[in-house]
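Biologist: Could you take me through one part of this assembly slowly, in terms a first-year student can follow? I would like a close look at the place where two of the chains meet, and then at whatever else helps me to read the rest.

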Amino acid sequence: MSAPRPSIELAQAVRSGARAAVDVVGEHLAAIEAGDGAVHAFNLVTAEQARDQAAAVDRMVAEGGDPGPLAGVPIALKDNLCTRGVPTTCSSRILEGWLPPYDATVVTRLRRAGAVVVGKTNMDEFAMGSSTEGSAFGPTHNPHDTSRVPGGSSGGSAAAVAAGFAPLALGSDTGGSIRQPAALCGVVGMKPTYGTVSRYGLVAFASSLDQIGPLATTVADAALLFDVIGGHDPADSTSLNRPSPRVLSVLDDGVAGLAVGVLTEFLEGAAPDVVARVREAAEACAAAGATVQEVSVPVVHLGLSAYYLISPGEASSNLARYDGVRYGLRVDAEDTVAMNTATRSAGFGAEVKRRIMLGTYVLSAGYMDAYYNQALRVRTKTIEGFDAAYACCDVLLGPTSPTTAFPLGSKTGDPLAMYQSDVCTIPSNLAGHPAISIPFGPGDDGLPVGVQVLGPALSEGTLFRVAAVVEAAAPPLLPLGSAGEVRS
Amino acid sequence: MAGPARLTRDEVVHVAALARLELTEEELDLFTVQLAKVLDHAADVSFLDLAGVPMTSHALAMTNVLRPDEVQPCLDRDEVLAQAPSVEDHRFRVPRILGEAP
Amino acid sequence: MKPGWEMVVGLEVHCELKTASKLFCGCRNMFGDEPNTNVCPVCLGLPGSLPVLNARAVEMAMAIGTALLCEIRPSTFHRKNYFYPDQAKDYQISQYDEPINVNGHLDLPDGTRVGIERAHMEEDTGKTTHAGASGRIHGADYSLVDYNRSGVPLVEIVSRPDMRSSAQARAYATELRAVLVASGASDGKMEEGSMRVDANVSVRRSTADPFGTRCEIKNLNSVRSLGRAVDYEADRQIELIESGDQVVQQTRHWDEDAGRTVALRSKEEAYDYRYFLEPDLVPLVPDAEWTNAVAAAMGPMPAARRARLIELLGDAGGRAESQADQVATVVDLGLDDLVTTAVAAGVTSALALARTANEAATDADAARRLDPDSYVSLLTMEASGSLTATQAKAVLADLLAAGGGDPAAIAAAKGFEAMSEDSLATAVAEVVAAHPDEWGRYRDGEDKLAGFLTGAVMKATRGQADAKAVGAELRRLRG
């Protein structure tokens, strides 16, 4: 039995002429119009451009051409992906209204594949956050229960897919920002091996950790999207110069003979219902022919601390360019230093300021070795720890998020509590490894639970095979909006 | 290996200036507390004895990524300057610069 | 320089590489274009942009390392973080503790060996112009930034503090410039800013003492300014110490008009650059094949070429110092091949050297493109007497302007032939008759009037007369 692939089938229908792309995009734009008032997944809906793109796809089909593997499929893009001539704000006041003069490489690849961009999605400002409450333009609401967060920082993209506004979306993942919102919104989200997807045109947060990745309703759709956007890019020096794993073709190969390790440290901090879902997913793998065992990777306990030293350090440098000189917000002043200061103070939100200062501090003279450099050593240990685990296992299994979606406002007063949301996702970013979150039924509160599969570098093929098996065994999610009923 | 002392308010002021950020008194108080908490938590890293463990800056090591010395098309100047906060004479205008470049 | 004191000088030279495109992007590397026309997301520091290293810039950096006898090593790039409007990302991508070239040296013509600590790669900044009366940064109302230069490749060459006088500092700058040009990495145009020099100066009472506190001097726009500034600064520091004060470590600005260094009055910002490894780039590890290829492709350095020329010229009529100057000029302009070809063809050393250093040098670009055979043929015509010196110079000027040609044909077209003895004597006699006062004074012993009279003959014969022959005729007439 093959994994469900609605976007792939949609594209095939458009390519064959069975469906018109303009109709497809029309339906989705209508859904957005009807539903996004309550969700606020989008910073900007690019309706006119979307209709134009769809029309171009239909024209090509009519002329006997092939628009590509994503022909006519609507896709939502996180608002930190540069789109030429279309505002790219990173959900920050400092870039409000900024029009990039160029497209990100992934955007170019999407266009070439025939995808239709319906809009730019909301996010935590500059990708710093785990709830999308850090957006300067108001939070996104979880479509399953609008009193809850969608997760972050790619909350808008995850919500857009969960709400049916677009079957596909792109997000970015630095410490879990694709996988965690995917888990909280009940969709598939994947972070690729570092270097397999070009970062050119992704507004940088933490350069050695950032990766762009797919969000979709199914594993197969995410696989196709990964295949389309992945691959070497000469414009990105950290882009791997070897063939990107091709995953769609191996998706249905099953897991017979594979060794799956359940990561005990991730289970320790997770809620009981989340743990239960993970164990059920592990059983499903065993039933499908994999061997399952428990594995301990103690070093992952240090991941959070190392991450909150490395990522702010790099971020403090990456965000220095927002100085009011060349683009974006400017608050005038008598001299340039005052202008820089006034601009940045007015343009950045609290979380961004906190992380910039934290990063500046850990890089500063006298502290760098104790903090930043130490974190780089922890990174080495993390890689070693995973390598040891992968000596006995092909993939690891665990929760994506320790809990289901939490209520809006419940963690905004305590940054450290918010950072804890990423304990299960951060280690993969540190190691540069791929990982995917698959929805695996509701928790006790009726809200989605995500199960995470982790693999060593460039193991996306294996990762997706396991993900397909997990997906096939997943209990269905509750209909949108009914989670509230379960709780009461 | 001993880690550094607790983060002080003065250090936060200094760091904010380095980062071209101006904080209100309340923000300074709040951020000092919040940042100190994060750093305390990170002390589990700074106190570790990792002597001899090499640093990893790039998880997937590569070397020698180069491009040929070929001129590529540049951006259209008008498109670029249209995004600038202040332009004069086809240049980016900034208020008076007080110091020399380092 | 006061006796009882020694100055210690180290120089930091920033050299722009003459690549076609910038260090991290494909924008044109060109001086003087319309502002902000050679920019892209990378060199403007737009959100989402990423750097990719220029292979030719690496080669040129290695060529500089080779020319300066450095060890070429695996290297990495770091971010140097500071805010400034001409710094598009508000950090500069540079090299910090693992630079590409280390531990070289440069020998000065006087034999002094100056150590080269490092020669590393980094990107240049944009250019700021200041709107205000003086065009200077202080007192300006606002400033304008052009990012054409942002991202241009630089190599920063840091000498050890091995120089002990302004003369040595000047010699180092001059010789380094020649080396940079010879290595193919730079066009050496200080006036266009493609080579910028900063000086570090300190003083001490004796070589046995440790180094004193040093000051860095910026804004040196010529070798001459460098010399003046270094001398001024050394004197300033000596005066300070002798009057009981201390030298404060600081950056000072050379004021060319006032002839002094000035402490920069701006708020002394304690720069904390927070250097960390550039995560958007990967390490550079040139293999032996590449470094050998770079070394093999490089021609001989100026010192070797000067030595070769001097050996070839032999004892070309004494006056060693002026010969040394001419040799230096010829090598510096890349015209030594013209000289060696001419001498090999039988032209006398003195003539070959003089014509090249004095006349061909006036249009060095054209001279470098000249066919050596035409050049030799012209010099031979002069040496044999079929052309006078003045005529030969005129033909050469035409050759240079036209980018080549046949000297004999040009001479014929100009109607140049050497004058006969009779016509020469007649011309001289006519001038003598026309200028009785001057002739009288010359005849009575005022030798210097020979110049006036010769000049008049040259004018009357439209340069056809041979000046030496005229002089001989005048002396003969005088008796």
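Modeller: Let me begin with the place where chain A and chain B meet: about 5,300 Å² of area is buried between chain A and chain B, and 68% of that area comes from carbon and sulfur atoms. Within chain A, the residues that lose the most area to chain B are Met357(A), Tyr361(A) and Gln374(A), which together account for 12% of what that side buries. Please keep in mind throughout that this is a predicted model.

Counted by residues, the contact involves 69 residues of chain A and 50 residues of chain B. Between these two chains there are 19 residue pairs in polar contact, counting pairs in which both residues are at pLDDT 80 or more. Several helices of chain A each supply at least two residues to the side that touches chain B, namely H10 (303-318), H11 (336-347), H12 (350-363), H13 (369-392), H14 (415-419) and H15 (426-431). The largest share of that side comes from H13(A), with 12 residues. If you sort the side of chain A that touches chain B by class, you find 36 nonpolar, 21 polar and 12 charged residues.

Charged side chains also pair across the boundary, and the count between chain A and chain B is 3 salt bridges. In a salt bridge between Lys353(A) and Glu27(B), the side chains come to 3.6 Å, N to O.

To place this in a wider setting, a search of the whole structure finds 56 salt bridges over all chains. Inside chain A, Lys120(A) forms a salt bridge with Asp79(A), and their closest N and O atoms are 3.1 Å apart. This pair links distant parts of the chain, 41 residues apart, with Lys120(A) in strand S3 (residues 116-121) and Asp79(A) in the loop between strand S2 (74-78) and helix H4 (105-112). Both Lys120(A) and Asp79(A) are buried.

A second pair in chain A is Glu294(A) with Arg279(A), whose side chains meet in a salt bridge at 3.0 Å, N to O. Here too distant parts of the chain are linked, since Glu294(A) is in strand S8 (residues 291-295) and Arg279(A) is in helix H9 (residues 272-287), 15 residues apart. Arg279(A) counts as partly exposed because its relative accessible area is 37%, which falls between the limits of 20% and 50%.

Salt bridges can also join more than two residues, and one network links Arg199(A) with Arg79(C), Glu278(C) and Asp280(C). That network brings us to chain C, which has 16 helices and 15 strands. The C-alpha trace of chain C spans about 85 × 55 × 50 Å along its principal axes, and buried residues make up 53% of its 479 residues. Among contacts in chain C between residues at least 6 apart in sequence, 70% join residues at least 24 apart. Chain C exposes about 20,500 Å², of which carbon and sulfur atoms supply 49%.

One long-range link in chain C is the salt bridge between the side chains of Arg196(C) and Glu16(C), at 2.5 Å, N to O. The two residues are 180 residues apart, with Arg196(C) in strand S11 (residues 195-204) and Glu16(C) in strand S1 (residues 6-16). Arg196(C) is partly exposed, with a relative accessible area of 23%, whereas Glu16(C) counts as buried, at 12% relative accessibility.

Two further residues of chain C repay attention. Asn38(C) lies in the loop between S1 and strand S2 (53-54) of chain C, and Asn38(C) is buried, with a relative accessible area of 5%. Its side chain is joined to that of Asp33(C) by a polar contact of 3.0 Å. Leaving aside residues up to four places away in sequence, Asn38(C) touches residues including Cys74(B), Cys27(C), Cys43(C) and Tyr147(C).

Ala411(C), found in helix H12 (residues 407-413) of chain C, is buried because its relative accessible area is 2%, under the 20% limit. With the same sequence neighbours set aside, that is, residues up to four places away, Ala411(C) touches Met381(C), Leu387(C), Val395(C) and Phe416(C). The C-alpha atoms of Ala411(C) and Pro74(C) are separated by 58 Å, and these residues are 337 residues apart along the chain.

How values were computed: Residues are numbered from 1 along each chain as its sequence is written. Chains are lettered from A and ligands numbered from 1 in the order in which they are written. Side-chain values use heavy atoms; hydrogens and water are left out. Contact means heavy atoms within 4.5 Å. Buried area is the accessible area (1.4 Å probe) that two parts lose on being put together, summed over both. A salt bridge is a side-chain nitrogen of Lys or Arg within 4 Å of a carboxyl oxygen of Asp or Glu. A polar contact is a pair of N or O atoms within 3.5 Å; within protein, one must be able to donate a hydrogen and the other to accept it, and residues adjacent in sequence count only if both atoms are side-chain atoms. Helices (H or I, at least four residues) and strands (E, at least two) are DSSP runs, numbered from the N terminus. Ala, Val, Leu, Ile, Met, Phe, Trp, Tyr, Cys and Pro count as nonpolar, Asp, Glu, Lys and Arg as charged, and the others, Gly among them, as polar. Buried means under 20% relative accessible area, exposed over 50%, partly exposed in between (1.4 Å probe, protein chains only). Accessible areas come from the Shrake-Rupley method with a 1.4 Å probe; for residues, only the protein chains shown count as cover.
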